[in-house]
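This report examines how selected parts of one protein chain are arranged. It treats a helix pair, the cysteines and two further residues in turn.

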Amino acid sequence: MGDNGYVDMDLARLSDWLYGTSMVVYVLAMVMFLLSLAPMFYTKVAAAQRAEQKELVPAAGVPGDRVPGRVVDSTPRRQLGDVLSGMGWAVAFVGIIAHLVSIILRGVATDRAPWGNMYEFISLTMLACVVAGVVSLRKPTYRPLLSFVLLPVVLLMFIGGRYLYTQPAPVVPALKSYWLIIHVSIISIASGILLVSGVASVLYLVRQRWATDLESDSDCVTGFLNRVLPSSDALDRVAYKCVVVGFPLFGLGIILGAIWAEAAWGRFWGWDPKESVSFIAWVIYAAYLHARATAGWRKAAAWVNVAGFIALLFNLFAINLIVSGLHSYAGL
């Protein structure tokens, strides 16, 4: 089977088709979530108008009378937003199923763990990212934010399928180990979870930046984002919870990778480029947790988390594609 070089091309082609299908489905879900944000915006505008109308304004010289204002009935729009959000939620699950089946079929076709090259690794990491996004944003009020998670997922899946695609084949001898299943899967899952945290911190910083001066400007794009995004505290909690889960998993993956390195290369750690950047990313996330627990450092912690997000993306792509090292097995 896999060790003998046999590949079931029919299953491999079906896997590729499902990969593309899942990407298209994610785009549809992303569009539905984005469209659901518009009714949310008008609902908040109407709520603000109702709050202003409650202020006591004398009219016609009669104390206690109020000047009636025109308040937009936001109920139909709110219902439309809920419907679009629910549709996007269901479509996202269809994409997850297609994506998962694509990975499984790739593994069956090659008779090995289906994450032996960059294309397969990106596929698994993006699946982990979508699942982590679905779990962390499962509250109905948070669900439209999944659009901001799906955006980088779709972009990275497009890059993986268009520029990093590798024909299904047995892995190189160095990867023919049970550690491939353990080490790479843990790193991939942890990376997907941490990517969601990075997106949440970016949104947190957007919310912090425009929380005060655009509350009255409902026509500009940034004011729109300000009105549809949850509170800064809510976004900060999402980012923190993802790091709390992803950080120890990432650290465990690094430790297991060191054990595999000792078995394969005769040393636990050799400051290979991949090892070095992984360690740097781990240190950054440790710094984020420390800053997050320090009073008055919450905004600074978000910037640290974004730095970890960038380091993680660099570690996922640039190290394997640009820098030569023992981990250069992109299959390109």
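## Contact between α3 and α5

Two residues are taken to be in contact when heavy atoms of theirs lie within 4.5 Å. The model discussed here is predicted. In it, residues of helix α3 meet residues of helix α5. From α3 the participants are F121, L124, T125, M126, A128, C129, A132, G133 and S136. From α5 they are V184, S185, I187, S188, I189, S191, G192, I193, L195 and V196. By residue class, this contact of α3 with α5 divides into 12 nonpolar, seven polar and no charged residues.

Helix α3 covers residues 118–136 and helix α5 covers residues 178–209. Their axes come within 7 Å and cross at roughly 45 degrees. An angle from 35 to 65 degrees is neither roughly parallel nor roughly perpendicular, and α3 is therefore oblique to α5. The crossing in which α3 passes α5 is right-handed.

## Cysteines

How many disulfides does a search of the whole structure find? The search returns zero. C129, one of the α3 residues that meet α5, is in no disulfide. The nearest cysteine sulfur to that of C129 belongs to C242, at 9.0 Å. The relation holds from the other side as well: C242 is in no disulfide, and its nearest cysteine sulfur is that of C129, 9.0 Å away. A disulfide requires the two sulfur atoms to be within 2.5 Å, so the separation of 9.0 Å excludes this pair.

Is each of these cysteines buried or exposed? C129 counts as buried because its relative accessibility is 3%, under the cut-off of 20%. C242 has a relative accessibility of 5% and therefore also counts as buried.

## V130 in α3

V130 is found in helix α3. With a relative accessible area of 0%, V130 is buried. Leaving out residues up to four places away in sequence, V130 touches Y26, I96, L150 and V153. V130 and V149 are 19 residues apart in sequence, and their C-alpha atoms are 7.2 Å apart in space.

## D236 in α7

D236 lies in helix α7, which comprises residues 232–265. Its relative accessibility is 3%, so D236 counts as buried.

Which residues does D236 contact, apart from its neighbours within four places in sequence? The contacts of D236 are Y204, Y288, R292 and R298.

Notes: Residues numbered from 1 in each chain as written. Predicted model: local features only at pLDDT ≥ 70, side-chain atom pairs only at ≥ 80, totals over all residues. Heavy atoms only, no water. Axes fitted to C-alpha atoms, helices over the stretch in contact; angles between N-to-C directions. Helix = DSSP H or I, 4+ residues; strand = E, 2+ residues; numbered from the N terminus. Parallel < 35°, antiparallel > 145°, perpendicular 65-115°, else oblique. Left-handed = near helix turned anticlockwise from the far one by under 90°. Nonpolar A, V, L, I, M, F, W, Y, C, P; charged D, E, K, R; others polar. Buried < 20%, exposed > 50% of the residue type's maximum accessible area, 1.4 Å probe, protein only.
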